[in-house]
Number of protein chains: 2
Amino acid sequence: MSAIADVARLAGVAKATASRALSGRGYVSEETRRKVVDAATLIGYVASPNAASLVTGRTKSIGVIIPFISRWFFSEVLESLERSLLAEGYDMTLYNLPAHSAERERVFDFFLARKRFDGVISVGVELSDAEVGLLHRLGRPLVGIGGEIPGVHTIAIDDTAAARLATEHLLSLGHTDIRHIGGDQVDQMDFAVHTKRLTGFNMAMSAAGLSADGCFAPCAFTVPGGYGAGLALFGDPHRRPTAVFAASDEIAFGLIVAARELGILIPSELSVIGIDGHPYAEMFRLTTIEQHPRNQARMAVESLLRALEQPSAPVTPGLTRAPTNLVMRSSTSAPR
Amino acid sequence: MSAIADVARLAGVAKATASRALSGRGYVSEETRRKVVDAATLIGYVASPNAASLVTGRTKSIGVIIPFISRWFFSEVLESLERSLLAEGYDMTLYNLPAHSAERERVFDFFLARKRFDGVISVGVELSDAEVGLLHRLGRPLVGIGGEIPGVHTIAIDDTAAARLATEHLLSLGHTDIRHIGGDQVDQMDFAVHTKRLTGFNMAMSAAGLSADGCFAPCAFTVPGGYGAGLALFGDPHRRPTAVFAASDEIAFGLIVAARELGILIPSELSVIGIDGHPYAEMFRLTTIEQHPRNQARMAVESLLRALEQPSAPVTPGLTRAPTNLVMRSSTSAPR
DNA sequence: TCCAGATATGGAAACGGTTGCATAAGGAAC
DNA sequence: GTTCCTTATGCAACCGTTTCCATATCTGGA
């Protein structure tokens with residue numbers, strides 16, 4: 001194809017001048033600039049980012065590590081990351097790494113270690129010290145979403161507090177027989193999200209003077225997971241709780257579908273609360289704690305780009321808490 | 001960082017030899033190879049793909065254009081694309097382009113036109129002749145998923161046939177009062193997917209000697225979209241059909257939720273069939289036409305890589321039909 | 001013994017940009 | 001009329017690989 005040398009020749013200037021004219025860096029007279037631009041458009045010149053990266057060391061592309069694509073939180077984050085990065089002129093290269101996959105090491109050694117990215121965003125993946133160290137040594141800034149990583153700036157909601165808030169909402173309505181349906185061990189999710197939400201639940205219960213023993217039931221972190229748990233939990237009318245705190249909206253939807261199939265009225269016979277702010281929540285009239293993943297993604301991009309602009313001042317490691325808020329709908333009420 | 005020159009120096013060989021030893025191309029004695037590899041691991045050498053691309057012209061990375069990330073079909077395709085490409089050593093760079101977005105031109109001119117990708121996969125995006133021409137001129141192979149693009153190899157199901165099959169299933173059960181709930185104009189989906197499915201419905205109806213006039217109702221191509229359409233459609237018991245063909249499983253779920261809220265029994269009072277093979281279908285006991293997006297993605301990658309390996313023989317333009325199959329569950333039965 | 005081919009290695013030229021340094025002209029300040 | 005700074009441009013080095021070409025050794029077959 002046509003290289004910048006061709007453009008320079010056609011415009012009657014040196015390669016250096018053509019480069020400056022096209023990139024806008026350095027001194028170029030307006031007249032020369034126009035000549036160069038005209039020549040470039042005439043022969044359909046497009047710059048080679050590879051060649052530029054080679055000398056500048058910057059690739060204008062960001063690597064993203066994410067364990068799921070189809071789960072709501074992650075797809076929302078992904079869409080928002082892509083938009084924000086594209087708007088800033090960055091490419092986004094995606095690595096879909098299931099939590100403890102065998103490919104993880106390969107991705108780090110083979111893909112990330114190469115100098116193809118200016119920075120990395122890790123979504124819901126708890127990086128090891130070795131992995132963080134690798135990126136750090138390469139001088140590549142790293143920002144996390146979803147949980148705390150030592151030495152890395154991360155954006156995350158306070159899972160424990162959110163779970164506690166959800167449970168307290170049920171308690172404040174007068175419920176005392178509350179169950180928590182959350183992720184199980186099989187569903188590997190990093191940052192101990194499941195555990196933190198369970199902890200928040202336990203804290204709220206004991207603060208209210210209630211025992212949380214036997215109040216937790218695990219299930220797959222999906223709608224069918226919640227559905228299965230709901231059928232099992234609500235099957236026996238005598239052991240049915242008056243309220244359920246689901247660790248995610250998707251679980252909550254499954255619980256609601258199961259409850260409806262069993263003829264249980266919501267909220268009069270059963271209150272349900274979730275966490276997420278999923279777009280289907282309104283349709284199911286689900287009370288939930290919203291966590292705004294798109295904002296979390298924007299915050300991560302902002303932090304990463306700031307670190308890229310000022311390599312001197314490394315990203316302030318530490319946790320930025322993303323806000324959450326309770327949205328009350330009609331899936332919760334006082335017990336009968 | 002350390003370059004291949006450092007490795008060569010440490011191993012006591014020339015850069016050329018070090019390159020051959022590490023890439024495995026050309027003649028290198030076993031002894032020398034080991035020396036080079038040892039030196040490389042010793043100083044933690046990682047190759048720069050940028051520098052390599054510059055001379056080889058191959059980037060080992062593929063660009064993917066996709067209009068949605070969170071919709072089921074697209075997230076499935078995406079996950080499968082990523083796996084297949086990663087397994088073959090390719091990076092995947094993602095461009096999330098809503099159908100008629102303003103950014104589309106910018107992405108093509110600014111991102112895709114650059115020589116950053118060996119090839120492009122377009123998922124559910126109907127590329128214009130100009131866009132196809134641009135990539136073709138750059139010598140970058142292109143494979144499509146979701147519908148026919150002139151001059152490009154594409155993988156797609158037969159939307160018309162699938163819709164017809166779904167409708168025929170309802171007809172064969174004895175239904176005559178059938179409605180089709182599908183995507184609306186606002187929901188911009190390329191390749192006229194909505195129209196094709198409507199056409200399949202109409203063909204089946206008229207083949208059965210039934211009029212399809214007024215049997216179509218549009219809605220957003222989502223669960224809440226189907227829910228809203230269901231509430232509207234099933235609200236009046238006297239105008240209620242005995243069967244509904246939903247253009248997607250997600251719409252079907254919404255319809256089912258709406259029907260259940262209204263106390264309508266499925267399938268005795270209402271049969272519902274969808275298209276997709278969504279993982280929630282089993283939970284809703286939904287009869288559906290499965291379309292296996294992951295396989296479609298695998299086929300696309302295979303086709304693209306074949307084109308990359310043999311630049312001489314260009315990809316056979318044309319359409320490869322991805323198979324679909326009817327899965328019967330208990331959301332459909334004969335009318336009462 | 002000589003020669004063709006396979007094997008092994010090095011030197012140097014690419015690939016396509018950016019940028020440091022040198023040069024030169026035009027003002028402004030003294 | 002110097003001196004200095006700003007503006008404008010060119011030359012050449014450089015980024016980190018791959019690969020072409022040349023050279024040299026070692027086979028084995030004629």
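**Notebook: two chains, their sheets and their contact**

I began with one pair of residues in chain A: A:Gly183 has A:Cys219 as its bridge partner in E7(A). I noted at once that this is a predicted model, so that I would keep it in mind while reading on.

**Entry 1: the sheet of chain A**

I next looked up the strands around that pair. Strand E6 of chain A covers residues 178–183, and it pairs with E7(A) in the parallel sense over four bridges. Both belong to an open sheet of six strands, and I wrote down the order E7-E6-E8-E9-E10-E12 for chain A, with mixed pairing. Which strands stand at the edges? In chain A they are E7 (216–219) and E12 (325–327); each has a single partner strand, so one side of each is left without a neighbour in the sheet. From one strand to the next, the twist averages 20 degrees.

Then I looked for what lies across the sheet. I found helix H9 of chain A, residues 193–207, lying across E6, E7, E8 (243–246) and E9 (271–276). H9 runs at about 170 degrees to E6(A).

**Entry 2: the sheet of chain B**

I turned to chain B and wrote down its open sheet of six strands: the order is E7-E6-E8-E9-E10-E12, and the pairing is mixed. Here strands E7 (216–219) and E12 (325–327) of chain B are at the edges with a single partner strand each, so each has one side without a neighbour in the sheet. On average, neighbouring strands of this sheet are turned by 20 degrees against each other, direction ignored.

I picked one pair of strands to follow by eye. E8 (residues 243–246) and E9 (residues 271–276) of chain B run parallel and are joined by three bridges. On that route I found B:Val244, whose bridge partner in E9(B) is B:Val272. Helix H9 of chain B (residues 193–207) lies across E6 (178–183), E7, E8 and E9, at about 170 degrees to E6(B).

**Entry 3: where the chains touch**

How many residues does each chain bring to the contact? I noted 56 residues from chain B and 56 residues from chain A. Between them the two chains bury about 5000 Å², with 57% of it on carbon and sulfur atoms. I looked for the top contributors on chain B: B:Asn50, B:Arg116 and B:Met283 supply 14% of the area that chain B buries against chain A, more than any other three residues.

Then I checked the pairs across the interface. The rule finds 27 residue pairs in polar contact there, and six salt bridges. One I looked at joins B:Glu261 with A:Arg285, whose closest N and O atoms are 3.2 Å apart. My reminder to myself: side chains of opposite charge can pair when their charged atoms come close.

I also listed the elements of chain B on this side. H4 (49–56), H5 (72–87), E2 (91–96), H6 (103–112), H10 (223–234) and H11 (249–261) each supply at least two residues that touch chain A. The largest share, seven residues, comes from H5(B). By kind, the residues on this side of chain B divide into 29 nonpolar, twelve polar and 15 charged.

**Entry 4: a salt bridge within chain A**

Over all chains, the count comes to 29 salt bridges. I chose the one between the side chains of A:Glu76 and A:Arg294, at 2.8 Å from N to O. Why does this pair tie together parts that are 218 residues apart in sequence? A:Glu76 lies in helix H5 (residues 72–87) of chain A, whereas A:Arg294 lies in helix H12 (residues 293–309) of chain A, so the pair links those two parts.

**Entry 5: backbone details**

Last, I looked into a few loops. The peptide bond from A:Ile266 to A:Pro267 is cis, with omega near 10 degrees, and A:Pro267 sits in the loop between H11 (249–261) and E9 of chain A. In chain B, the bond from B:Ile266 to B:Pro267 is cis too, with omega near 5 degrees. B:Pro267 is in the loop between H11 and E9 of chain B.

I closed with A:Lys60, which is not a glycine and yet has a positive phi of about 55 degrees. I found A:Lys60 in the loop between H4 (49–56) and E1 (61–66) of chain A.

Notes
Residues numbered from 1 in each chain as written. Chains lettered and ligands numbered in written order. Predicted model: local features only at pLDDT ≥ 70, side-chain atom pairs only at ≥ 80, totals over all residues. Heavy atoms only, no water. Pairing = 2+ DSSP bridges. Axes fitted to C-alpha atoms, helices over the stretch in contact; angles between N-to-C directions. Contact = heavy atoms within 4.5 Å. Buried area = accessible area lost by both parts, 1.4 Å probe. Salt bridge = Lys/Arg side-chain N within 4 Å of Asp/Glu carboxyl O. Polar contact = N/O pair within 3.5 Å; in protein donor to acceptor, adjacent residues only side chain to side chain. Nonpolar A, V, L, I, M, F, W, Y, C, P; charged D, E, K, R; others polar.
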